[in-house]
Every structure is written in structure tokens, then in C-alpha cells.
Amino acid sequence: MMQCLIEPKRRFFSTPVLSTRLKYTIGAGIAALFALSACTAAMAAPEVSAKNARIRLLPGDLPLAGYFDLVNQGKTPFTLLGASSPAFKTIHMHLSTEQNGKSTMLAIEGIEMNPGETLRFTPGGYHLMLMQRVKPLQVDDQVPITLKFSGNQSLDVMFKVQGAGSQ
Amino acid sequence: MQSIMKARHRWLTLISIALLTGLTACQQQKPWALRDISGIVAPLEFHLTNQDGQKVDASSYRGKTVLLYFGYTHCPDVCPTTLGTLALALNRLGPDADKVRVLFVTVDPARDTVAVLKQYVNAFGPQFVGLRGSNDQTEELSRRYRIAYSRENPDRQGNYTVAHSNAVFVFDAKGNARLLGGSDDKADAIAQDLKRLISAG
């Protein structure tokens, strides 16, 4: 409470008073951002749904795996091309596979899905490899990831962060 | 390439022998859920550094049932999936889980420092131990257990994957090789075999 009485120039972190003009500029900027995100939303909407989307958390900045189930509910085939997220700098689509008695991962460029088909990204198979966290993550966090499809379509999916031992 | 084929051939032979041994055992008692490798695979022996920076060897884990697994922490899918399955199996053991240690030996000692390993194994449970050695030590150990691994070409950012065998070796409390598991084995099956090994002493 005593700090309230200290005169402004002696504060370490004082909030500068914004000029009215600056406030308007910021306001316009925010409005423009909203308009932009609305545009992206309008472009999206492939006839596809994702469920069971989850990320398995590992410590530090180790690469993580993202898993989900995807259903093509439309009448046309489409191709899953990859993913991006504000939470990770790099995301690759991978398939774990066994060759010559060794487990390894193959980079996947695209996966075609026919109408009615379900595609499972699951431990030991397809997974998103999520690299370089933008900020630390915790169990139970929700992380937005955008799945990208052929025809310039995309789907925003919330992934739930689960523990290291989760499947 | 030839050495890989040879390694593969050796495995096939081993598995065939294991299957035959399993068949014979069938006549006496219930078969194991995992593959029986008693007398086929070398006993537990190694000299490595644990996640606390201490030098350890097989005698450090005498009296514990030991699960030996080779992997690397930058492996996002297969390694944590396998370790997660083992963690689940240990959960099924209740207090007996303390009679088991999971030794995770890194095949990527360049990136898996003691500090990285410590954080990593702690994420799976108190029975998990991270082990690392020099390239030579890792190589020697992989030969002992016929584990194939190879570092793959790095991408433009310098990230690389390490292809590696996904075997889980189970040793009894005396350090004898007993069972072999893989990525397809379920937690229930592993827990069932571990219980039997623990109760046999």
C-alpha cells in the first residue's frame, strides 16, 4: 500500500499514460487483426473432424509427439499435408516404422484420405513431431495446432497435453 | 549392410531357438508372455554412468529384476511409447515395482548428457534409470546384446534421428537374461511375467 504514495518518477516500473491518438492506432490495429483471423476461419472448413487430439509431454525442449484421430466426413478425397502451431517452431509429419530390426521414422509428405475413412495418428505409427517449443508446456495445457489439407484448406484443433507415460 | 543382415539373421536364429525352448517349456508349465531367452543372451554386464553422474555396473542392480532398453531422448514416438508401457506394467505390480529397475541406455550420448537423462527418466517414474557411456562403451554394449543402431543424416537444423532396435531385455535378480520383449508387448503381459520372475526370486 505504501508504494501507491511514492511519486511516479521514483517508481521502477511506471505505466506511461497513452496519448489518445496512440490509443486509436492500437485500437485500429487490434480490429485489423480480428478481421484477418476471421478471414482465415472463413477459408477453412474441410469436411473433416478430429478427435482425441493429444500431445505427450517430455521434459526440456525434447521433440514431442502429437496424436489424433481424423475422419473424412465429406464426399471427396483430400490429402493431409502437414501442420503448424504458434506453440512450436517446427512440425513434421512422421511414420514410425521398423527396418532391418531397427525402429526409425520416415518423413511423410502427405496422406490421402478417402470419404468415410478414419486416419489414426497413434503411438508407434503416424505422429506429428513437434519441435522447438515457443514456451514451456505443462500437463493439461491446451495447444492449438492447425492441420493443413489439399485445396488450401485447414482445420484448427486443440491438443491436450498429457504426461510422459501416456499413450 | 552385410552386418545388418547378419545381425538380423542372428536374431532370427535366436528367436527360433527361443520359440523351440518355449515349446518345450510348455509341456512343463505355463509359457511366458514374452520370449524366453534364458541361456541364450549374455548375462547383465556393463560399465556406464547413471543420471546422477555416478559410475555404475551390473552389480549395482543385483537383487533387482532389470529391464534393459536402448533408446534416445530425442525420439518422440517409439521410445516414450515403450517406456510408457513399461511404466504402466510397473504400476500393476504395486509395492513390488520397487523390486524392478528399468535401465534406459542412450544410443545418442552426444545429445543425452547426464542432466538431460535425469530429467527424462524422472518423467517416467522412480524405477527408471538413465545410463550413458562413451561412444566405444555404447558400441561394446550394443554388440553384447546384438542391438543395432545407427545415426541418420541430420537435417538443415542439425536435428537427427537414431534408428535403433526396440528390444526390452529382462534380467532376473541374479543378472541372468530371462525374457525378451518388444514394442508390441502390452503392459498386462509384461506385468504378468515380471510378477512371476519376482516371486521366483
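Which residues have the most contacts inside the largest nonpolar core?

1. This is a predicted model, in which local features need pLDDT of at least 70 and side-chain atom pairs count only at pLDDT 80 or more, while totals for chains, interfaces and linings use all residues. Residues are numbered from 1 along each chain as its sequence is written, chains are lettered from A in the order in which they are written, and side-chain values use heavy atoms, with hydrogens and water left out.

2. The largest nonpolar core (buried Ala, Val, Leu, Ile, Met, Phe, Trp, Tyr and Cys residues joined through side-chain atoms within 4.5 Å; buried means under 20% relative accessible area, with a 1.4 Å probe and protein chains only) has 94 residues, and those with the most contacts inside it are Leu70(A), Leu128(A), Ile145(A), Leu147(A), Phe46(B), Tyr145(B) and Phe169(B). Helix H2 of chain B, residues 78-91, gives the most to this core, with 7 residues (helices are DSSP runs of H or I, at least four residues, and strands runs of E, at least two, numbered from the N terminus).

3. A search of the whole structure finds 1 disulfide over all chains, a disulfide being a pair of cysteine sulfur atoms within 2.5 Å. Cys75(B) and Cys79(B) form this bond with their sulfur atoms 2.4 Å apart, and both cysteines are buried. The torsion about their S-S bond is about 100 degrees, so the disulfide is right-handed.

4. In helix H5 of chain B, residues 187-199, the buried residues include Ile190(B), Asp193(B), Leu194(B), Arg196(B) and Leu197(B). Just after H5(B), Gly201(B) takes a positive phi of about 85 degrees.

Key: Buried < 20%, exposed > 50% of the residue type's maximum accessible area, 1.4 Å probe, protein only.
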